[in-house]
Amino acid sequence: MAVIRISAPETAEKNEVIEIKAMIQHPMETGYRRDERGDVIPRDIITNFRCGYNGEIVFEAEFLPGIAANPFLTFYLRATHSGSLNMSWTDQDGQSWSATHALTVA
Amino acid sequence: MDKPLSRPTDWTRRGVIAAGTAAMSLFVPGVAEATPDDLENAIRDLFGDRPLSEGRVVVGLPPIAENGNSVALNISVDSPMTPEDHVRQIVVLSPRNPIATLAQFRLSPSVARADISTRVRLAGTQTVRVVAEISDGSLWTGKASTYVTLAACVIG
C-alpha cells in the first residue's frame with residue numbers, strides 16, 4: 001500500500017486561496033536503469049494525478065519518467081464551498097490510489 | 001464519476017506509450033538523450049505551429065542541482081485564473097532527457113493561482129522549457145537553466 005501525504009487546510013474563508021501539497025510514495029522507475037546483472041529494470045511510473053473538488057476535476061497532471069521518485073505536487077485552489085478534495089494517482093497499469101481531504105468553508 | 005478536464009490537445013495514452021517505447025528502444029542499448037530538436041518536435045506535436053510568445057511564464061530551478069534525480073521545479077504563470085481568462089495547460093520540456101516531455105498539467109479556473117511545484121529528473125546540465133496554454137488559445141513560454149553535477153540515469 002502506497003503511503004500518501006496530503007497537506008491542506010481543514011477550514012478556509014469563502015474564496016480564500018488555499019495551498020495543497022500532495023505526495024505519494026512511489027519509485028517512479030524510469031525504465032532506463034540496469035540492475036547489478038546488467039538487466040534493464042522495467043519502467044514503473046505513476047502516469048496520472050487528479051484532484052477532484054466535490055466531484056469535479058479541478059487539477060490534473062500527467063507524469064512521465066522525468067518526474068522524480070515519490071512524486072510531489074504543490075498547487076493552489078480557491079475555496080468556494082465546503083466539501084471534499086479527492087486526490088487520486090494512477091500508474092501505467094491502471095492501478096490507482098486515492099485519499100480524501102475534508103474542507104470546511106466558513 | 002468524476003468528469004475529466006477537457007483535453008485541448010490530442011495527448012493520447014497510446015501516443016505517450018508509443019513515445020515512451022520509442023525513447024526506450026533508442027536509449028537502452030547505449031546513451032540516450034533528447035536533442036533540442038526533440039523538444040521542438042514535442043511542442044509541435046502538442047500545439048502544432050501555433051505562435052509561441054516569450055513571457056508570462058516564470059520557471060524556477062536551483063542554479064546548481066547536486067542530484068539530477070530530484071530537482072525542485074517551480075512554475076508560475078501570470079494569469080487572473082478566472083473562467084474567462086485562465087491557464088488551461090502547462091507542459092514541462094527538456095532538451096536533454098530521454099523523453100522531452102517531463103510532465104503536463106491541466107488546470108481549471110478553480111486553480112486560483114497558476115503556480116505549481118514538483119520535483120523532476122534531469123539527465124545533465126540544461127535549460128528546461130515550460131509552455132503554458134491560456135484559455136484564449138495563446139501560448140507563452142519561459143525557461144530556466146540548472147547546472148547538474150550528478151545526472152539522473154547515470155547514477156542509480
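How many cavities of 30 Å³ or more does a search of the whole structure find? In this predicted model, the search turns up one. A helpful picture comes from rolling a probe the size of a water molecule over the atoms, which shows where empty space is left. The largest cavity holds about 70 Å³ of space. Its lining is made up of 11 residues, and those nearest the centre are Y32(A), P65(A), G66(A), N97(B) and P98(B).

P65(A) appears again in a contact with R121(B): the side chain of R121(B) reaches the backbone oxygen of P65(A) at 2.9 Å. R121(B) sits in the loop that links β7 (115–120) to β8 (126–134) of chain B. Although R121(B) is buried, it has no salt bridge. A salt bridge requires a separation within 4 Å, whereas E29(A), the nearest side chain of opposite charge, is 6.4 Å away from R121(B).

Strand β7 of chain B offers another charged residue to look at, D115(B). D115(B) is buried and lacks a salt bridge, with the nearest side chain of opposite charge, R113(B), lying 5.7 Å away. The side chain of D115(B) does, however, make a polar contact of 3.0 Å with the side chain of N74(B).

Strand β4 (residues 71–77) of chain B runs antiparallel to β2(B), and four bridges join the two. One of the paired residues is V58(B), whose bridge partner in β4(B) is S76(B). In a regular strand, side chains alternate between the two faces of the sheet. Strand β2 (residues 57–60) of chain B has V57(B) and V59(B) on a covered face, while V58(B) and G60(B) belong to an uncovered one.

Conventions. Residues are numbered from 1 along each chain as its sequence is written. Chains are lettered from A and ligands numbered from 1 in the order in which they are written. This is a predicted model: local features need pLDDT of at least 70, side-chain atom pairs count only at pLDDT 80 or more; totals for chains, interfaces and linings use all residues. Side-chain values use heavy atoms; hydrogens and water are left out. Buried means under 20% relative accessible area, exposed over 50%, partly exposed in between (1.4 Å probe, protein chains only). Lys and Arg count as positive and Asp and Glu as negative; His and the chain ends are not counted. A polar contact is a pair of N or O atoms within 3.5 Å; within protein, one must be able to donate a hydrogen and the other to accept it, and residues adjacent in sequence count only if both atoms are side-chain atoms. Two strands pair if DSSP finds at least two bridges between them. On a 1 Å grid over the protein atoms alone, a cavity is a set of points where a 1.4 Å probe fits but cannot get out, and a pocket is an open set with protein on both sides within 12 Å along at least five of seven lines; lining residues have an atom within 4 Å of a point. Grid points are joined across faces, edges and corners, and a volume is the space filled by probe spheres set on the points.
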